[in-house]
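Biologist: Please take a close look at the cysteines and at the buried interior around them. Walk me through that part in one go.

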Amino acid sequence: MAIRRKTSEEAGMAAVREVRALFASFENSSAASAEPVSAEVTQAFAALPRSVRATFVRFTLEELATLAPGNSVEVRVPPLGVTQCVAGPRHTRGTPPSVVEARPLVWAALVLGACSWEQAVGAGALDASGERSDLSGLLPLF
């Protein structure tokens, strides 16, 4: 079953381009560190209008759900969005068997390939629990 989109592709891709440009502007200046994103990127991302950040998160979550339809993993990017994806056992109540939760900036870095799944997990920048919670095969999206 196809997901019901709430974000237009035009608005979503505009937000993706804006966030991608932000990461690209810091690409050469990022030093190797234990953190998946630098403090400068964190500040610049926070300075983006909330509407851009929210549209980016919601659109990319919809893209993920389209690429990996299902209900066995819940991906949370509080307070901006949530989706269920990845085929597997369907749950009907409460928390699904697998949950991934990340801050919007970390989600953006994962989606755009600015940091790897392993970097984010290793730095404690996201929480992933359950047997299907490893989304490294699906990310980056763009």
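Modeller: A disulfide here is a pair of cysteine sulfur atoms within 2.5 Å. By that cut-off, the structure holds zero disulfides. Keep in mind that this is a predicted model.

Take the cysteines in turn. Cys 85 is in no disulfide. The nearest cysteine sulfur belongs to Cys 115, and it is 17 Å away. Cys 115 is likewise in no disulfide, its nearest cysteine sulfur being that of Cys 85. Cys 85 is buried, at a relative accessible area of 0%. Cys 115 has 4% relative accessibility and also counts as buried.

Next, the surroundings of Cys 85. Val 75 touches Cys 85. Beyond residues up to four places away in sequence, Val 75 also touches Leu 61, Leu 64, Gly 81, Val 82, Thr 83, Val 100, Trp 107 and Leu 135.

That leads to the core. In soluble globular proteins, nonpolar side chains tend to be buried together. The largest nonpolar core in this model has 41 residues. Val 75 is among those with the most contacts inside it, along with Val 19, Phe 23, Phe 56 and Trp 107. Several elements feed this core: helices H1, H2, H3, H4 and H5 and strands E1 and E3 each supply at least two residues. H4 gives the largest share, eight residues.

So look at H4, residues 104-112. Nine of its nine residues are buried, so H4 is largely enclosed by the rest of the structure. They run from Pro 104 through Leu 105, Val 106, Trp 107, Ala 108, Ala 109, Leu 110 and Val 111 to Leu 112. After H4 comes Gly 113, with a positive phi near 80 degrees.

H1 shows another pattern. This helix covers residues 9-25, 17 residues in total. At 1.5 Å a residue it should span 24 Å, and its end C-alpha atoms are 24 Å apart, which agrees. Its buried residues are Gly 12, Ala 15, Val 16, Val 19, Leu 22 and Phe 23. They cover an arc of only 125 degrees around the axis, which puts them on the same side of H1. Glu 10 and Ser 25 are exposed on the other side. The cover over the buried residues of H1 includes H2 (39-47), H3 (50-67) and H4. Two of those buried residues, Val 19 and Phe 23, are also among the best-connected members of the core.

Now strand E3, another contributor to the core. Ser 98 lies in E3, which covers residues 98-102. Ser 98 is buried, with a relative accessible area of 1%. A polar atom of the Ser 98 side chain lies 3.2 Å from the backbone nitrogen of Arg 132. Leaving aside neighbours within four places in sequence, Ser 98 is in contact with Ser 72, Val 73, Glu 74, Ser 129, Gly 130, Glu 131, Arg 132 and Ser 133.

For contrast, step to the loop between strand E2 (81-85) and E3. Arg 90 sits there. Arg 90 is exposed, at 62% relative accessible area. From Arg 90 to Leu 48 the C-alpha distance is 36 Å, with their positions 42 residues apart in sequence.

To recap: both Cys 85 and Cys 115 are buried, yet the structure holds zero disulfides.

Terms used. Residues are numbered from 1 along each chain as its sequence is written. This is a predicted model: local features need pLDDT of at least 70, side-chain atom pairs count only at pLDDT 80 or more; totals for chains, interfaces and linings use all residues. Side-chain values use heavy atoms; hydrogens and water are left out. Helices (H or I, at least four residues) and strands (E, at least two) are DSSP runs, numbered from the N terminus. Buried means under 20% relative accessible area, exposed over 50%, partly exposed in between (1.4 Å probe, protein chains only). A polar contact is a pair of N or O atoms within 3.5 Å; within protein, one must be able to donate a hydrogen and the other to accept it, and residues adjacent in sequence count only if both atoms are side-chain atoms. Contact means heavy atoms within 4.5 Å. The expected span of a helix is 1.5 Å times one less than its number of residues. The arc is that of the directions from the helix axis to the C-beta atoms. A nonpolar core is a set of buried Ala, Val, Leu, Ile, Met, Phe, Trp, Tyr and Cys residues joined through side-chain atoms within 4.5 Å.
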